[in-house]
Amino acid sequence: MKTVAAVLRAVTDRRPYPESKPMVLEEVELGAPRAGELLVRIEAAGVCHSDISVVDGSRVRPLPMALGHEAAGVVEEVGPGVKHVEVGDHVVLTFVPSCGSCAECSSGRPALCTPAAVANGAGTLLHGGSVLTGRDGRPIHHHLGISAFSRHAVVARESAVVIPQDVPLQTAALFGCAVLTGAGAVLNTAGVRPGQSVAIFGLGGVGLASVIGAVVANAWPIIAVDPVQAKRELALALGATAALSPEEAEKAVKELTHGGAEVTFEAAGVPAVLEAAFRVTRRGGTTVTMGLPHPTKTVSLPALAFAGMGQSLVGSYMGSAAPQRDIPRYISLWKAGRMPVDRLQSASMPLDRINEAFEALAAGQAVRQVLLPHT
Ligand SMILES: [Zn+2]
Ligand SMILES: [Zn+2]
């Protein structure tokens, strides 16, 4: 079938994006779902900083690529052998299509699935190859098995989590990346316990989802750090107990926690921010990092802090999630009013405004913008 997808053909760091126009809406040929795959009508797709990282080359991916990895939609067709999903089901898409049988999946760490990581790095679907073809007759790579900035997508069954039909798909989309990553870092990776002190650095969609996760975990205090005042205000509205600028954070976090937070989170993808989070982590505490800096970047931390002060540094990919378990669980919390994920959505717009959306996010002016491919 023919569909319309936003395709990146060349990396650029030229901004503003509405002028350099890195994302081009193209009519593409989308193959039918093969064995183990689904055709999904994409109803909502969130714009995430990882999309911009592909555009500016800090996440190196094969091009051309149809971007977008946080989305929800409706199943329109199922390929041979697909189980437990039917036409008409509503699904949230997840950017690690865990195979269920590799060493990592078998160890209960599906976010680190090896075949999924290989396919995502190569820009293919989990079961191999691409089903997207450009006008020039050449294949277009898939982004993290999803390629959601499109009217339709073919994905592996493993990329889809069936959700209740009464969840608005604009809200549901955010569970696929921001919530899974941000809340998961708190609830899965760190396993924050009631009364533990936490500080969260970087208040984009992921960091603000960490604030929501910290509230669910009954952490106290919950300190949110970001240079943008509007994001600090949103963190307070979501349940943070204090919100600080980076300049005030070093002194104020230590004062508010009587010596340092027990668990700190970095959600900025910037080494200096990770170092700042580490500095305000208490003796014996844990710093969790979930940002994705450029692969050549390094961090500098006091070597003595680990053995000498019992501090830990932990990486969290996709919130150490098991998506088939966690997304329904988080949606239940949302329904109960305990995960106000809707408030992360700062705007919604048609797909053809994608370059504007990228610019607003890159400029720090947006939290989560949702693209609506059928409006
Ligand atoms: Zn993302
Ligand atoms: Zn696996």
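**Close-up views of a predicted model**

**View 1. Helix H12 and the residue that follows.** Gly364, which comes after helix H12 in this predicted model, has a positive phi, near 80°. The helix itself spans residues 354-362 and is mostly covered, with seven of its nine residues buried. These buried residues are Ile354, Asn355, Ala357, Phe358, Glu359, Ala360 and Leu361, a set that includes the acidic residue Glu359 and the amide Asn355.

**View 2. The zinc ion (ligand 2) and its four cysteine donors.** The SG atoms of Cys99, Cys102, Cys105 and Cys113 are the protein donors of the zinc ion (ligand 2), and they lie 2.3 to 2.4 Å from the metal. Because the angles subtended by the four donor atoms run from 103 to 118°, the arrangement around the zinc ion (ligand 2) is tetrahedral. For reference, the ideal angle for four tetrahedral donors is 109.5 degrees. Along the chain the donors follow the spacing C-x2-C-x2-C-x7-C, and among them Cys102 and Cys105 are both buried.

**View 3. The cavity and its lining.** A search of the whole structure finds one cavity of 30 Å³ or more, and the volume of the largest cavity is about 50 Å³. Its lining is made up of Ala5, Leu30, Ala66, Leu132, His142, Ile146, Ser147, Ser150, His152, Ala153 and Val154. By class, the lining residues comprise seven nonpolar and four polar ones, with no charged residue. Strand E9, which covers residues 152-156, gives the most to this lining, contributing three residues.

Key
Residues are numbered from 1 along each chain as its sequence is written. Chains are lettered from A and ligands numbered from 1 in the order in which they are written. This is a predicted model: local features need pLDDT of at least 70, side-chain atom pairs count only at pLDDT 80 or more; totals for chains, interfaces and linings use all residues. Side-chain values use heavy atoms; hydrogens and water are left out. On a 1 Å grid over the protein atoms alone, a cavity is a set of points where a 1.4 Å probe fits but cannot get out, and a pocket is an open set with protein on both sides within 12 Å along at least five of seven lines; lining residues have an atom within 4 Å of a point. Grid points are joined across faces, edges and corners, and a volume is the space filled by probe spheres set on the points. Helices (H or I, at least four residues) and strands (E, at least two) are DSSP runs, numbered from the N terminus. Ala, Val, Leu, Ile, Met, Phe, Trp, Tyr, Cys and Pro count as nonpolar, Asp, Glu, Lys and Arg as charged, and the others, Gly among them, as polar. Donors are N, O and S atoms within 2.8 Å of the metal (3.2 Å for Na, K and Ca); water is not among the atoms, so sites may look incomplete. Four donors count as tetrahedral if all angles lie between 85 and 135 degrees; four count as square planar and six as octahedral if opposite donors are over 155 degrees apart and all others between 65 and 115; anything else is irregular. Buried means under 20% relative accessible area, exposed over 50%, partly exposed in between (1.4 Å probe, protein chains only).
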